[in-house]
Amino acid sequence: MNRFTIQLDEIKAAYAAEQNPTIEVRLDRIARIEKMIEVNEEKIICKALMADFGVRHPIETRLAECQMIYQA
């Protein structure tokens, strides 16, 4: 079994355990995702996309990728 299959199985199990979380739970999860993106924006997300694209500036990544998430 590869890493992707294991992660997919974990996602399916989590969904089966809680198919319809409350609005409070959903809002908490969204807030935690937003915080994770904010904390990792510079040191992980920008660096990874720079490595993928070669010369992508961190400001471009923030505007094109991260800002869209925050606005959503």
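Is Ile-30 buried or exposed? Select Ile-30 in your viewer and see: with a relative accessible area of 52%, Ile-30 is exposed. Keep in mind as we go that this is a predicted model.

**Stop 1: the patch around Ile-30**

Now add Ile-23 and Leu-27 to your selection. Together with Ile-30, these residues make a nonpolar patch on the surface, with about 300 Å² of accessible area between them.

**Stop 2: helix α2**

Ile-30 belongs to helix α2, so select residues 23-53 next. This helix has 31 residues, yet the C-alpha atoms at its ends are only 38 Å apart. A straight helix, at 1.5 Å a residue, would reach 45 Å. Look along α2 for the bend: there is a kink of about 85°, centred on Glu-41.

Next, colour the buried residues of α2, which are Ile-37, Glu-41, Cys-46 and Leu-49. Glu-41, the centre of the kink, is on that list too.

**Stop 3: salt bridges**

The structure holds seven salt bridges. Start with Arg-32 and Asp-28, whose closest N and O atoms are 3.7 Å apart. Both residues lie in α2, four residues apart, about one turn of the helix. Arg-32 is partly exposed, at 48% relative accessible area, and Asp-28 is also partly exposed, at 39%.

Then move on to Arg-56, which is buried at 8% relative accessibility. Arg-56 forms a salt bridge with Glu-60, with the closest N and O atoms 3.9 Å apart. Arg-56 forms another with Glu-65, and here the closest N and O atoms are 3.2 Å apart. Glu-60 is partly exposed, with a relative accessible area of 46%, and so is Glu-65, at 33%.

To finish this stop, select Glu-41, Glu-42 and Arg-62 together: they are linked in a network of salt bridges.

**Stop 4: two cysteines**

Select Cys-46 and Cys-66 and show their side chains. Why is there no bond between the sulfurs of Cys-46 and Cys-66? The sulfur of Cys-46 is 5.6 Å from that of Cys-66, its closest cysteine sulfur, which is too far for a bond. A disulfide is a covalent bond between the sulfur atoms of two cysteines. To count as one here, the two sulfurs must be within 2.5 Å. By this rule, the structure has zero disulfides.

Before you leave, check how covered these residues are. Cys-46 is buried, with a relative accessible area of 1%, and Cys-66 counts as buried at 1% as well.

Key
Residues are numbered from 1 along each chain as its sequence is written. This is a predicted model: local features need pLDDT of at least 70, side-chain atom pairs count only at pLDDT 80 or more; totals for chains, interfaces and linings use all residues. Side-chain values use heavy atoms; hydrogens and water are left out. Buried means under 20% relative accessible area, exposed over 50%, partly exposed in between (1.4 Å probe, protein chains only). Patches are made of residues with over 30% relative accessible area and no salt bridge: like charges are joined within 9 Å, nonpolar side chains (Val, Leu, Ile, Met, Phe, Trp, Tyr) within 5 Å. Accessible areas come from the Shrake-Rupley method with a 1.4 Å probe; for residues, only the protein chains shown count as cover. A salt bridge is a side-chain nitrogen of Lys or Arg within 4 Å of a carboxyl oxygen of Asp or Glu. Helices (H or I, at least four residues) and strands (E, at least two) are DSSP runs, numbered from the N terminus. The expected span of a helix is 1.5 Å times one less than its number of residues. The bend at a residue is the angle between axes fitted to the seven residues ending there and the seven starting there.
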